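User: I would like to go through this model by question and answer. Please keep the replies short.

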Amino acid sequence: MLEWVQLSWLQAMVLAVVQGLTEFLPISSSGHLRIVSELFFGVDAGASFTAVTQIGTELAVVIFFAKDIVRLVGTWFRGLVNAEVRRTQDYRLAWFVIVGSIPIAVLGLLFQDMIRGALRSLWVTGAMLIVFGVLLGLAERFGRQVRAQDELTMRDGVLMGLAQSLALIPGVSRSGGTITAGLSLGLTRPTAVRFSFLLAIPAVFAAGLSEIPHVFEGGPGLHPSGVQMIVATVVAGVVGFACIAWLLRFVERHSVYLFVWYRIGLGLLVFALLGFGVMQP
């Protein structure tokens, strides 16, 4: 039976770096945190720890895309009272982000107990890594990839928002789900990735802030101190910032098959480790 365990500084830093490295790549940060914490520390770090450290990585997005975000927010407010501004793509894009954030907020509230419980099984994580890896590969292979950011529509926002909500299940990947949906809808890789980053901001901040009280609740699992949580969030953000820049350059020149094969390989490895009893589900 799992016991309450105080998180060590080494564990906090390892998990923070894993969060930063994997949040923006389409390989599932929550899945990696679940696997790493179980494999090396013998206990689940918890959904709350994952959600709060994601605040750091989303701050990295805000900093990286600060000019775009300020422009979109300003345009949205001006558009509320100016009909001419409402005809601009920036105004519509701001609405796409707002509407696309609704599904994950609603489903996160409705299924929060399941998200913290049954869906954190490593059998589920392994299966999702493989299934959504295959779907990402199919989207890369058959997606037309001809539509740029100025061609985004409300339909894209809604469907990519629904795809993002699947990331509530460890192993799916927030960016992986939205990039898969974007490529399937005919968006170019850079457009799908950039919109995926913008779409995540409202949902991740809301989830992270709402989970802060749960991090320090009693119960089984790893439990950080307040200082450890703050430092881990900052470290995740710094590492995440570097990953954003790398991924945007990567997808301009390369396909996403690297992540497809990685996901499938990791999913099979998880199944093998569970099957041989090296990890517990």
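User: How many salt bridges does the structure hold?
Analyst: This is a predicted model, in which local features need pLDDT of at least 70, side-chain atom pairs count only at pLDDT 80 or more, and totals for chains, interfaces and linings use all residues. Residues are numbered from 1 along each chain as its sequence is written, and side-chain values use heavy atoms, with hydrogens and water left out. A salt bridge here is a side-chain nitrogen of Lys or Arg within 4 Å of a carboxyl oxygen of Asp or Glu. By that rule the structure holds seven.

User: Which residues are linked with D68 in a network of salt bridges?
Analyst: Side chains of opposite charge can pair when their charged atoms come close. R71 meets D68 at 3.0 Å, N to O. R194 also forms a salt bridge with D68, the closest N and O atoms being 3.0 Å apart. The network links D68 with R71, D90 and R194.

User: How many residues apart in sequence are the parts that R194 and D68 tie together?
Analyst: Helices are DSSP runs of H or I with at least four residues, and strands are runs of E with at least two, numbered from the N terminus. R194 lies in helix α11 and D68 in helix α4, so the pair ties together parts that are apart in sequence by 126 residues.

User: What separates R71 and D68 along helix α4?
Analyst: Both sit in helix α4, residues 66–79. They are three residues apart, so the separation is about one helical turn.

User: Is D68 buried or exposed?
Analyst: Buried means under 20% relative accessible area, exposed over 50%, and partly exposed in between (1.4 Å probe, protein chains only). R71, at 33%, is partly exposed, and R194, at 28%, is partly exposed too. D68 has a relative accessible area of 18%, so it counts as buried.

User: Which residue meets R189 in a salt bridge?
Analyst: The N to O distance of this bridge is 2.8 Å. R189 is buried at 14% relative accessible area, and its partner is buried at 9%. The pair links helix α11 with helix α8 (residues 122–142), 49 residues apart. The partner of R189 is E140.

User: Which helix gives the largest share of the largest nonpolar core?
Analyst: A nonpolar core is a set of buried Ala, Val, Leu, Ile, Met, Phe, Trp, Tyr and Cys residues joined through side-chain atoms within 4.5 Å. The largest core has 39 residues, and F65, F195, F197, I244 and F259 touch the most other members. The largest share, eight residues, comes from helix α11 (residues 189–215).

User: How many residues make up the other core?
Analyst: It lies apart from the largest core. L33, V36, F49 and M229 are among its members. The total is twelve residues.

User: Which helix supplies the largest share of the nonpolar surface patch?
Analyst: I102, V106, L110, F111 and M114 make this patch, of about 470 Å². L110 is exposed, at 60% relative accessibility. The largest share, three residues, comes from helix α6 (residues 102–110).

User: What is the radius of gyration of the chain?
Analyst: The chain has 13 helices and two strands. For 281 residues the globule rule (2.2 Å times the number of residues to the power 0.38, with the radius taken over C-alpha atoms) gives 19 Å. The chain is close to that value, so it is as compact as a globular protein of that length, with a radius of gyration of 18 Å.

Notes:
Patches are made of residues with over 30% relative accessible area and no salt bridge: like charges are joined within 9 Å, nonpolar side chains (Val, Leu, Ile, Met, Phe, Trp, Tyr) within 5 Å. Accessible areas come from the Shrake-Rupley method with a 1.4 Å probe; for residues, only the protein chains shown count as cover.
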